[in-house]
Structure formats: structure tokens, C-alpha cells
Amino acid sequence: MSRARVRRQRGARESLLSVILGFESIVAFLAGLAVYGLRALPEGIEPWWGIVGGVVLGLLMIALAGVTRYRWAVVAGGALQVVIALGAFLVPALLIAAAVFGALYVYGTIKGGALDARNASLAAEAEKNGD
């Protein structure tokens, strides 16, 4: 007879950032397609590198979505937000995506951390009271 494995409890920040990075990975791939289709890369660089960049960026975001419980992953996710914003030099419309997802990422980091702190204090108080 095997026992069911108990799942690790995920915090609000981890959940929010995972969802945001997951959805943004789709946008990163589509941005790579836009760079390819518009031939927005500088002269001398093959256009298909736009697709490669979008795929790599998307895969990095998916990988980070799985490890957002670690501080380094949250910082790396913020760095990827900057990379998306820098893509606006190639395709100016990426600035809109960078602003939206950057704001969501900041919100998820701040508000998720606040919710985690609140939940931890409520749990400690409940344990102290014997609930």
C-alpha cells in the first residue's frame, strides 16, 4: 500500500509569478515571430534568429515559472522583463507588452509577498491560539 505524496504548499507570490511568466512565454514566442516576419534584426543578422530568440526567451520563462519559490528566480524573471522591454528597439509594439507584463510582474512580486506574510502571521497566530 502506497501513501499519497503530500504536495508542498505554494505561496501567493510563487503562484502569481508562475502564471504571469507562463502567459508571457507565449508572448515572447510571438514576439520572436514578429521580429522574423518584420525582418527587424540589423543588417547582417539572419531573420530566423528572431524566432530562435523568441523560443529561447519563452523556454527560459517557462523554466523560471517552475522555480519562482527561490529569490534568484524572481530576480531572473525581472531581468527577463527588461529583455522584453529592450525588444522594443526592434519592434516598438513590444513596449506595450513589456509595460503590461512588467506591471503584472511587479504587482505579483509585491502583493504576493504581502499576502504570504499575512498568511504566515495568521497561521502563527492560529497555532498560538491552538486552532
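This briefing describes the nonpolar core, one helix pair and one buried serine of the structure shown above. The model is a predicted one. Its largest nonpolar core has 15 residues, and helices α1, α2, α3 and α4 each supply at least two of them. Helices α1 and α2 pack with their axes 7 Å apart.

**The nonpolar core**
- Within the largest nonpolar core, the residues that touch the most other members are L21, L57, M61, I84 and Y105.
- The contributing helices span residues 12-38 (α1), 48-65 (α2), 71-86 (α3) and 94-128 (α4).
- Apart from neighbours within four places in sequence, I84 is in contact with E24, A28, L57, M61, L94 and A98.

**The packing of α1 and α2**
- The angle between α1 and α2 is about 175 degrees.
- Because angles over 145 degrees count as roughly antiparallel, α1 is roughly antiparallel to α2.
- On the α1 side, the residues making the contact include S18, L21, E24, A28 and Y36.
- On the α2 side, W48, L57, M61 and A65 are among them.
- By class, this contact comprises 14 nonpolar, seven polar and one charged residues.

**The surroundings of S18**
- S18 lies in helix α1.
- S18 counts as buried because its relative accessibility is 11%, and the cut-off for buried is under 20%.
- The side chains of S18 and R10 are joined by a polar contact of 3.4 Å.
- Not counting residues up to four places away in sequence, S18 touches R10, A65 and T68.

Definitions and conventions. Residues are numbered from 1 along each chain as its sequence is written. This is a predicted model: local features need pLDDT of at least 70, side-chain atom pairs count only at pLDDT 80 or more; totals for chains, interfaces and linings use all residues. Side-chain values use heavy atoms; hydrogens and water are left out. A nonpolar core is a set of buried Ala, Val, Leu, Ile, Met, Phe, Trp, Tyr and Cys residues joined through side-chain atoms within 4.5 Å. Buried means under 20% relative accessible area, exposed over 50%, partly exposed in between (1.4 Å probe, protein chains only). Helices (H or I, at least four residues) and strands (E, at least two) are DSSP runs, numbered from the N terminus. Contact means heavy atoms within 4.5 Å. Axes are lines fitted to C-alpha atoms, for helices over the stretch in contact, and angles run from 0 to 180 degrees between N-to-C directions. Angles under 35 degrees count as roughly parallel, over 145 as roughly antiparallel, 65 to 115 as roughly perpendicular and the rest as oblique. Ala, Val, Leu, Ile, Met, Phe, Trp, Tyr, Cys and Pro count as nonpolar, Asp, Glu, Lys and Arg as charged, and the others, Gly among them, as polar. A polar contact is a pair of N or O atoms within 3.5 Å; within protein, one must be able to donate a hydrogen and the other to accept it, and residues adjacent in sequence count only if both atoms are side-chain atoms.
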